[in-house]
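Here is a short report on one chain and one of its side chains. Start with the view below, then read on.

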Amino acid sequence: MDAGALLAGRARAEQMMKDQCIIRRVAGEVTDRETGKVVPAYVDVYTGRCKLQSYEGYEQEKNTAGTALTVQRMSVHLPVGAYRINVGDFVEITDSRLDPLLVGRKFRITQEAPFKTFATAYRVFVDYIAD
């Protein structure tokens with residue numbers, strides 16, 4: 001593969017990233033002035049384009065406290081060169097041109113972005129965080 005084809009693939013992958021997100025990382029703790037509770041302090045590590053994607057075409061059943069939950073694997077795609085994303089970072093969709101119901105959805109990154117020479121995007125597994 002030549003560099004031109006790779007760069008064209010990256011440009012096409014970014015064109016498909018119609019959503020905007022912010023990725024935050026826990027950077028210590030602070031005390032909430034109103035409640036007095038100690039809560040995580042976050043630092044923003046990435047703001048920009050992304051795409052939310054279903055990773056697998058099937059669902060898995062998990063039993064939690066005697067209740068069956070259906071979980072579907074999701075991934076977030078980011079441009080190559082986005083800040084180093086770590087397991088445990090949090091992703092929030094801040095804008096979506098195609099699906100307004102995505103805005104405000106939050107996810108936790110469960111897999112580090114794989115490193116490879118011919119990557120057209122960083123693709124990381126995420127778990128949905130229900131409010």
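## A polar pair

In this predicted model, the side chains of Arg25 and Asp89 make a polar contact at 2.8 Å. The side chain of Arg25 also has a backbone partner. One of its polar atoms lies 2.8 Å from the backbone oxygen of Arg84.

## The setting of Arg25

Arg25 sits in strand E1, which covers residues 19-31. Is Arg25 buried or exposed? Its relative accessible area is 17%. The cut-off for buried is under 20%, so Arg25 counts as buried.

Which residues surround Arg25, leaving aside neighbours within four places in sequence? Its contacts include Ala41, Tyr42, Val43 and Val45. Tyr83, Arg84, Ile85, Asn86 and Asp89 are in contact with Arg25 too. Among these, Asp89 is the residue whose side chain makes the polar contact described above, and Arg84 is the one that offers its backbone oxygen at 2.8 Å.

## The chain as a whole

The chain has one helix and eight strands. The helix comes at the N-terminal end of the order, and the strands follow: α-β-β-β-β-β-β-β-β.

Of the 131 residues in the chain, 28% are buried. Arg25 belongs to that buried group. The accessible surface comes to about 8600 Å². Carbon and sulfur atoms account for 52% of that surface.

What share of the contacts between residues at least 6 apart in sequence joins residues at least 24 apart? The figure is 53%. The pairing of Arg25 with Asp89 is a contact between side chains.

Notes
Residues numbered from 1 in each chain as written. Predicted model: local features only at pLDDT ≥ 70, side-chain atom pairs only at ≥ 80, totals over all residues. Heavy atoms only, no water. Helix = DSSP H or I, 4+ residues; strand = E, 2+ residues; numbered from the N terminus. Buried < 20%, exposed > 50% of the residue type's maximum accessible area, 1.4 Å probe, protein only. Polar contact = N/O pair within 3.5 Å; in protein donor to acceptor, adjacent residues only side chain to side chain. Contact = heavy atoms within 4.5 Å. Areas by Shrake-Rupley, 256 points an atom, 1.4 Å probe, with all protein chains shown as cover.
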